[in-house]
Amino acid sequence: LGKYLTEDFLNNVLEWTLYICTFVFLLPVNDTKSKSQIEAGAIAIFIAWINFIWFLRRLPKFGIYVILTQNVFFSLLKTLPVVVLFVVAFAMTFLLLRSKDYAFSTIPWSALTTLIMMGGEIDYRDVFLDNKSSVYIIQCVFLVLFFLVMSIVVMNVFVGLAVGDTGEMMNRIKAESRRSKIRLIANRKFKDIETIRVDK
């Protein structure tokens with residue numbers, strides 16, 4: 001019950017946000033849009049497509065993969081606090097070591113740059129390989145440490161969670177499909193069909 005209440009609440013929040021952002025973008029009707037209207041329009045477009053994808057869950061074949069994506073996403077959110085701690089640790093370190101670089105000049109920019117670097121966009125030649133820096137060696141040490149921890153360990157944890165959830169969900173879907181077939185065939189012979197165990 002709690003799961004369905006959460007999904008309904010999330011759907012309502014998305015829909016109301018979509019309506020509000022759409023009205024902000026459309027009204028007043030002008031040839032030129034203000035900054036807030038453009039931002040509201042961007043949010044409205046994104047939420048509209050998310051709602052459309054959410055609606056596709058009802059389709060027999062395509063909906064399975066939408067549900068898989070949803071479950072994997074929520075599983076990754078569970079590990080987010082640990083990832084945030086790692087990002088903050090490296091962001092603060094690079095902020096101190098590369099404070100003259102615009103990408104690491106402030107805490108928000110340093111955190112954003114560190115987060116993007118997790119995906120492989122390190123750009124180490126232009127950013128870290130600065131022989132003129134007095135902290136050149138320690139920069140290289142933390143760069144290698146970042147690569148090992150964030151780009152290899154953490155990203156592989158994400159992949160492992162995604163693969164594990166996908167396999168588990170597919171097994172549940174297949175098992176439910178088998179149960180449905182058994183109920184359809186043996187509905188009149190077995191009154192308590194829920195007790196039948198379906199081999200995986």
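**Helical architecture, principal pocket and local environments**

The chain comprises seven helices and zero strands, and, read along the sequence, its elements follow the pattern α-α-α-α-α-α-α. The model is predicted, and every value reported below is computed from it. Of the 200 residues in the chain, 27% are buried. Among contacts between residues at least 6 apart in sequence, 52% join residues at least 24 apart.

The largest pocket has a volume of about 340 Å³. Its lining is made up of L10, L14, I50, I53, W54, R57, Y65, V66, T69, Q70, F73 and F74. When these residues are sorted by character, nine are nonpolar, two are polar and one is charged; under the classification used, in which Arg counts as charged, the charged member of the list is R57. At least two lining residues are supplied by each of α1 (2-26), α2 and α3 (62-78), and the largest share, six residues, comes from α3. In terms of the domain assignment, the lining draws at least three residues from each of domain 1 (1-57) and domain 2 (61-199).

Several residues illustrate how the segments that contribute to this pocket are packed against one another. N51 is located in helix α2, which spans residues 35-55, and has a relative accessible area of 18%, so that N51 is classed as buried, the cut-off being under 20%. Apart from residues up to four places away in sequence, N51 touches L14, E15 and L18, and of these L14 also belongs to the lining of the largest pocket. The C-alpha atoms of N51 and E15 lie 7.9 Å apart in space, although 36 residues separate the two in sequence.

L56 is placed in the loop between α2 and α3 and, at 13% relative accessibility, counts as buried. With residues up to four places away in sequence left out, L56 touches F62, G63 and V66, and V66 is again one of the residues that line the largest pocket. A separation of 9.4 Å is found between the C-alpha atoms of L56 and I67, which are eleven residues apart along the chain.

Further along the sequence, a second group of contacts involves helices α4 and α5. V87 lies in helix α4 (residues 80-97) and is buried, with a relative accessible area of 8%. Beyond residues up to four places away in sequence, V87 touches A111, T114, L115, M118 and M150. For one of these partners, L115, the C-alpha to C-alpha distance to V87 is 6.4 Å, whereas the separation in sequence is 28 residues.

T114, which is among the residues touched by V87, lies in helix α5 (residues 107-117). The relative accessible area of T114 is 0%, and T114 is therefore assigned to the buried class. When neighbours within four places in sequence are set aside, T114 is in contact with V87, F90, A91, F94, F104 and F146. The contact lists of V87 and T114 each extend to a residue of helix α7 (residues 136-185), namely M150 in the case of V87 and F146 in the case of T114.

L161 is likewise part of helix α7, but at 27% relative accessibility L161 counts as partly exposed, a class that covers values between the cut-offs of 20% and 50%. Setting aside neighbours within four places in sequence, the residues in contact with L161 are S75, L76 and T79. L161 and T79 are 82 residues apart in sequence, while their C-alpha atoms are 9.5 Å apart in space.

Side chains of opposite charge can pair when their charged atoms come close. The structure holds one salt bridge, in which the side chains of R98 and D101 meet at 3.8 Å, N to O; this distance falls within the 4 Å cut-off, and the pair is therefore counted. R98 itself is buried, with a relative accessible area of 12%.

Technical notes: Residues are numbered from 1 along each chain as its sequence is written. This is a predicted model: local features need pLDDT of at least 70, side-chain atom pairs count only at pLDDT 80 or more; totals for chains, interfaces and linings use all residues. Side-chain values use heavy atoms; hydrogens and water are left out. Helices (H or I, at least four residues) and strands (E, at least two) are DSSP runs, numbered from the N terminus. Buried means under 20% relative accessible area, exposed over 50%, partly exposed in between (1.4 Å probe, protein chains only). Contact means heavy atoms within 4.5 Å. On a 1 Å grid over the protein atoms alone, a cavity is a set of points where a 1.4 Å probe fits but cannot get out, and a pocket is an open set with protein on both sides within 12 Å along at least five of seven lines; lining residues have an atom within 4 Å of a point. Grid points are joined across faces, edges and corners, and a volume is the space filled by probe spheres set on the points. Domain bounds come from an automatic or database domain assignment.
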